[in-house]
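Trainee: I have the file open and would like to go through the fold with you. May I begin with the sheet?
Mentor: Certainly; let us look at the structure together.

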Amino acid sequence: MNTRYRVGIGTMAKSKADEKILSYNDVVLRRSDLDILNGRNYLNDRIIEFYFSYLSSLFPSEDIVLVPPSIAFWIKECPDPASLKDFMEPFHFSLMKLILLPISDNSNVCMAEGGSHWSLLAFDRNSNMFVHHDSSSWCMNEYHSKQVYKVTLPYTASNANYEECPNTPKQVNGYDCGMYVLAIARVICEWYASSGTQDDADTLWFSRLEQVSPSAVSEMRKDILGLIKGLMAAPKSVA
């Protein structure tokens, strides 16, 4: 096989992987995202942003904000936190009762979608707490989560404390951390929609975390893939 032919095949494969398959709210998914969900793969920013956007539609509330991964990353890595004021303003953190932020261990602003581990930081105004959920056995993202907490705290108009949740379900492989973020985020949204403002501030959603098991996470990966394919097949509305 000559070099030119090999380059041509590689270009075609890359083009197919980059093919846009779905626009959902402000999120654009590509063919390569389906491949990620089809296998034992680490989730990328787009899939997490898509599912966060889906949860926002599934549990609509003016009191909740699910922050996209790119925004949470910039909150953590912005070299001048004081310059974030205008950037943060549209999210109205000071008015939110529940804020969910995906945490990446990527520290390289020059590397899009870098890093190797995801976790979830949740702010609950009723309990005046930031709670970090890390599915690794040794809380790999504690440092990164605390960085986001420190920068975000002033914008919440609170003096909330930070807590590592000891009951966070643990992953049993090296690639499902992002899936645990999505599963726990859904549990928190369901908790808030059903009884979040009434529950004891000390217990929060913690008792519901038992729903997030390895088998449930595995099924959720399939469910999200099915959700995307269903949205792809849905008739497009005509303006």
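Mentor: A term is needed before the sheet is described: two strands pair if DSSP finds at least two bridges between them. Please also keep in mind that this is a predicted model.

Trainee: Understood. What is the strand order in the open sheet, then?
Mentor: The order is E3-E4-E5-E6-E7, which makes an open sheet of 5 strands with mixed pairing.

Trainee: Which strands stand at the edges?
Mentor: Strand E3 (64-66) and strand E7 (161-164) do. Each has a single partner strand, so one side of each is left without a neighbour in the sheet.

Trainee: By how many degrees are neighbouring strands turned against each other?
Mentor: The average for this sheet is 20 degrees, with direction ignored.

Trainee: Let us take the pairs in turn. How many bridges join E3 to E4?
Mentor: There are 3 bridges between E3 and strand E4 (residues 98-104), and these two strands run parallel. Val-65, for instance, has Ile-99 in E4 as its bridge partner.

Trainee: And E4 with E5, is that parallel or antiparallel?
Mentor: That pair is antiparallel and extends over 7 bridges. Within it, Leu-100 lies opposite Ala-122 in E5.

Trainee: Which way do E5 and E6 run, and what lies between them?
Mentor: E5 and E6 are antiparallel, joined by 5 bridges. They form a hairpin with 4 residues between them. Asn-128 in that turn has a positive phi of about 60 degrees. On the paired strands, Asp-124 stands opposite Met-129 in E6.

Trainee: What about the pairing of E6 and E7?
Mentor: E6 and E7 pair in the parallel sense, over 4 bridges. Met-129 appears again here, as it stands opposite Asn-161 in E7.

Trainee: Is E6 buried or exposed?
Mentor: E6 (residues 129-133) has 5 of its 5 residues buried, so the strand is largely enclosed by the rest of the structure. Met-129, Val-131 and His-133 point one way, while Phe-130 and His-132 point the other way, and all are buried.

Trainee: And E4, is that strand buried or exposed?
Mentor: In E4, 7 of the 7 residues are buried, so this strand is likewise largely enclosed by the rest of the structure. Leu-98, Leu-100, Pro-102 and Ser-104 point one way, and Ile-99, Leu-101 and Ile-103 the other way.

Trainee: I would like one residue in detail. What is Leu-101 in contact with?
Mentor: Leu-101 belongs to strand E4 and is buried, with a relative accessible area of 0%. Setting aside neighbours within four places in sequence, its contacts are Val-67, Ala-72, Ile-75, Ser-119, Leu-120, Leu-121, Val-148 and Thr-152. As for Phe-52, which is 49 residues away along the chain, its C-alpha atom and that of Leu-101 are separated by 9.8 Å.

Trainee: Which helix lies across E4 and E5?
Mentor: Helix H4 (residues 69-77) lies across E4 and strand E5 (118-124), and runs at about 75 degrees to E4.

Trainee: Moving to another helix, how many residues has H7, and what is its span?
Mentor: Helix H7 (residues 177-195) has 19 residues and reaches 27 Å from its first C-alpha to its last. That is close to the 27 Å expected at 1.5 Å a residue. H7 is mostly covered, with 15 of its 19 residues buried.

Trainee: A change of topic: how many disulfides are there?
Mentor: The count is 0 disulfides, where the cut-off is a pair of cysteine sulfur atoms within 2.5 Å.

Trainee: Why is Cys-139 without a bond to the closest cysteine?
Mentor: The closest cysteine sulfur, in Cys-165, is 9.4 Å from that of Cys-139, which is too far for a bond. Cys-139 is partly exposed, with a relative accessible area of 24%. Cys-189, by contrast, is buried, at 1%.

Trainee: Finally, what are the totals for the protein?
Mentor: The protein has 8 helices and 7 strands. Of its 239 residues, 46% count as buried. The accessible surface comes to about 12300 Å², of which 53% belongs to carbon and sulfur atoms. Among contacts with a separation of 6 or more, 67% are accounted for by residues 24 or more positions apart.

Conventions
Residues numbered from 1 in each chain as written. Predicted model: local features only at pLDDT ≥ 70, side-chain atom pairs only at ≥ 80, totals over all residues. Heavy atoms only, no water. Expected span 1.5 Å × (residues − 1). Buried < 20%, exposed > 50% of the residue type's maximum accessible area, 1.4 Å probe, protein only. Axes fitted to C-alpha atoms, helices over the stretch in contact; angles between N-to-C directions. Contact = heavy atoms within 4.5 Å. Areas by Shrake-Rupley, 256 points an atom, 1.4 Å probe, with all protein chains shown as cover.
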